[in-house]
Amino acid sequence: MRILLVEDEPRMSGFIARGLREQAYAVDVAPDGESALERAASNDYDAVILDVMLPGISGIDVARRLRADGSDAPILMLTARDAIADRIAGLDGGADDYLIKPFDFGELLARLRALLRRKGEVQPGMLTVADLTLDTAKQDVRRAGKRIELTAKEYALLEFLARRAGAVVGRAEISEHVWDETYEPFSNTIEVYIKRLRRKIDDGHAVPLIQTRRGAGYSLGCRPADPSED
Ligand code: CA
């Protein structure tokens, strides 16, 4: 899940970005409306967290322009307690929900999950692929009942593949949704993470679940190996 966070106050954006990354989200931070619109034009974000009070273009205008440009990413607005007119204008302008500052970080996460669920990006509860289960709320991963410890990024990659189980997922799609804008397109980062996941998920099991489709990407599932592929 890749999130665009639009917030001009560095302490606030640092706090939110750090918290989201700990929860395995990839996060790009835009400090103003202009750069938010530029990033949204070139990346396919799963959700936008949008401060209303921004220098230059207001958050409300950012929401309107995103919708006018055809973006359907869920938008969570951050507003001040007394800014009722802003909340109404923001919701009318295309925002999906709002959160009043100061807010509890747990509530921000819950609202974000609810928005992603509404968009159909996240199934609630459990994902199951053969004998592999992911509890997406707790980020608890088990294979054949045995708990597997993953880092936030390893988990994010596995969940991304699990939500598309059986389908071949390309590296571009993976980098777009699991990594942020610091991702180096010609690096072997994804291969490195796939290798780590294989070690943790497949080692010691008769049936490997992580498949490489040469030249196309990866898929999660117990499709029998094609001898022409890795
Ligand atoms: Ca602000």
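Here, buried means under 20% relative accessible area, exposed means over 50%, and partly exposed lies in between (1.4 Å probe, protein chains only). This is a predicted model, in which local features need pLDDT of at least 70, side-chain atom pairs count only at pLDDT 80 or more, and totals for chains, interfaces and linings use all residues. Residues are numbered from 1 along each chain as its sequence is written, and side-chain values use heavy atoms, with hydrogens and water left out.

**View 1. The calcium ion and its protein donors.** Let's start at the metal, where the protein donors are D8 (OD), E9 (OE), D51 (OD) and M53 (O), 2.0 to 2.6 Å from the calcium ion. Donors are N, O and S atoms within 2.8 Å of the metal (3.2 Å for Na, K and Ca); water is not among the atoms, so sites may look incomplete. Along the sequence, the donor residues follow the spacing D-E-x41-D-x1-M. D8, in the loop between β1 (2-6) and α1 (10-22), and M53, in the loop between β3 (47-51) and α3 (59-68), link distant parts of the chain, 45 residues apart. Helices (H or I, at least four residues) and strands (E, at least two) are DSSP runs, numbered from the N terminus. M53 counts as exposed because its relative accessible area is 57%, while D8 is partly exposed at 28%.

**View 2. An open antiparallel sheet with a helix packed on it.** Four strands, in the order β6-β7-β8-β9, make up this open sheet with antiparallel pairing. Two strands pair if DSSP finds at least two bridges between them. At the edges, β6 (126-129) and β9 (146-148) each pair on one side only. On average, neighbouring strands are turned by 25 degrees against each other, direction ignored. Helix α6 (residues 152-162) packs on the sheet and touches β6, β7 and β8, its direction making about 110 degrees with that of β7. Contact means heavy atoms within 4.5 Å; axes are lines fitted to C-alpha atoms, for helices over the stretch in contact, and angles run from 0 to 180 degrees between N-to-C directions.

**View 3. The pairing of β7 with β8.** Look here for 4 bridges joining β7 (residues 132-135) to β8 (residues 140-143) in the antiparallel sense. One bridge partner to pick out is D140 in β8, which faces D135.

**View 4. The largest nonpolar core.** A nonpolar core is a set of buried Ala, Val, Leu, Ile, Met, Phe, Trp, Tyr and Cys residues joined through side-chain atoms within 4.5 Å. This one has 29 residues, of which L132, V141, L157, L158, I174, I201 and L220 touch the most other members. Helix α6 gives the most to this core, with 7 residues.
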